[in-house]
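Here is an informal walk through one protein chain, from the overall fold down to a handful of residues. Have a look at the sequence and the model before reading on.

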Amino acid sequence: MASWEPQGAGRRRKAVVLDGSGNGEVTFGVDYSANHKWEIADIIVSTSQSSTTPPYPTATVYLGGQQAGVSEGATWTGNQDVLRGQMSMTLDELTVAFTGGLAGTTATVVIEGESFLWR
């Protein structure tokens, strides 16, 4: 009988340089195909700016496109924060959008969770 088989803990990292308006985004997808899913537990966001140098970006997490109905949460302190919860990612891409940050800084996102394959 087919089922989701654990493949172990996963951790992925991506970064983007914020544009002249202090905006940028990173996108994550599943590694293999429709037979793969991630159970995401933590999303860690940070920037290269000093913790005392405003403006601080907002980081918003979207699953399946950037629209209000698919937002999974946000933080006003996108320069250093951890979003915790449980989210399943299959074919939908996970996007973290930074807005209103310090132009030219590097924004980094780390996702952590468990990887599964359908077999």
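What percentage of the 119 residues of the protein count as buried? The figure is 40%. Keep in mind that this is a predicted model, with every value here computed from it.

**The overall picture**

Helices don't come into it: the protein has zero of them, and eight strands. Read from the N terminus, the elements simply go β-β-β-β-β-β-β-β. The radius of gyration is 15 Å, close to the 14 Å that the globule rule gives for 119 residues, so the protein is as compact as a globular protein of that length. Along the principal axes, the C-alpha atoms fill a box of roughly 55 × 25 × 20 Å.

How do the contacts spread along the chain? Take those between residues at least 6 apart in sequence: 79% of them join residues at least 24 apart.

On the outside, the accessible surface comes to about 6,300 Å², and carbon and sulfur atoms account for 49% of that. As for charge, there are 7 positive and 12 negative side chains, and the centres of these two sets lie 6 Å apart.

**A cis bond in a loop**

Most peptide bonds are trans. The bond that joins Pro54 and Pro55 is cis, with omega at about 5°. Pro55 sits in the loop between β3 (36–47) and β4 (58–63).

**Two tryptophans and one aromatic pair**

How many aromatic pairs does the count come to? The answer is one. Trp4 and Trp118 make up that pair, edge-to-face, at 5.3 Å centre to centre and with 70° between the planes. The pair links distant parts of the chain, with Trp4 in strand β1 (residues 4–17) and Trp118 in strand β8 (residues 106–118), 114 residues apart. Neither ring's residue reaches the buried class: Trp4 is partly exposed at 29% relative accessible area, and Trp118 is partly exposed too, at 39%.

**β1 and its partners**

Strand β1 also holds Pro6 and Arg13. Are these two buried or exposed? Pro6 is exposed, because its relative accessibility of 58% is over the 50% cut-off. Arg13 is exposed as well, at 59%.

Leaving out residues up to four places away in sequence, Pro6 touches Ser115 and Phe116. With the same kind of neighbours set aside, Arg13 is in contact with Phe28, Thr108, Val109 and Val110. There are also some C-alpha spacings to look at: Pro6 and Trp38 are 32 residues apart in sequence and 9.7 Å apart in space, while Arg13 and Ile43 are 30 residues apart in sequence and 9.8 Å apart in space.

**Three buried residues**

Now for some residues on the inside. Thr108 is in strand β8, Leu83 is in strand β6, and Asn79 is in the loop between β5 (71–75) and β6 (80–89). Why does Asn79 count as buried? Its relative accessibility is 9%, and buried means under 20%, so Asn79 qualifies even though it is a loop residue.

Here are the accessibilities of the residues discussed so far:

| Residue | Relative accessibility | Class |
|---|---|---|
| Asn79 | 9% | buried |
| Thr108 | 13% | buried |
| Leu83 | 16% | buried |
| Trp4 | 29% | partly exposed |
| Trp118 | 39% | partly exposed |
| Pro6 | 58% | exposed |
| Arg13 | 59% | exposed |

What do the buried ones touch, not counting residues up to four places away in sequence? For Thr108 the list is Arg13, Lys14, Ala15, Ile44, Val45, Ser46 and Phe98. Arg13 is thus a contact of Thr108, even though Arg13 itself is exposed.

Asn79 touches Val45, Ser46, Thr47, Gln49, Ser50, Ser51, Tyr56 and Pro57. Leu83, for its part, touches Ala41, Asp42, Ile43, Val45, Val61, Gly73, Ala74 and Thr75. Val45 turns up in each of these lists: it touches Thr108, Asn79 and Leu83. One of Leu83's contacts, Gly73, is 10 residues away along the chain, and their C-alpha atoms are separated by 7.8 Å.

Technical notes:
Residues numbered from 1 in each chain as written. Predicted model: local features only at pLDDT ≥ 70, side-chain atom pairs only at ≥ 80, totals over all residues. Heavy atoms only, no water. Helix = DSSP H or I, 4+ residues; strand = E, 2+ residues; numbered from the N terminus. Rg over C-alpha atoms; globule rule 2.2 N^0.38 Å. Buried < 20%, exposed > 50% of the residue type's maximum accessible area, 1.4 Å probe, protein only. Contact = heavy atoms within 4.5 Å. Areas by Shrake-Rupley, 256 points an atom, 1.4 Å probe, with all protein chains shown as cover. Lys, Arg positive; Asp, Glu negative; His and termini not counted. Charge placed at Lys NZ, Arg CZ, Asp CG, Glu CD. Phe/Tyr/Trp six-rings, centres within 6.5 Å; stacked < 30°, edge-to-face > 60°.
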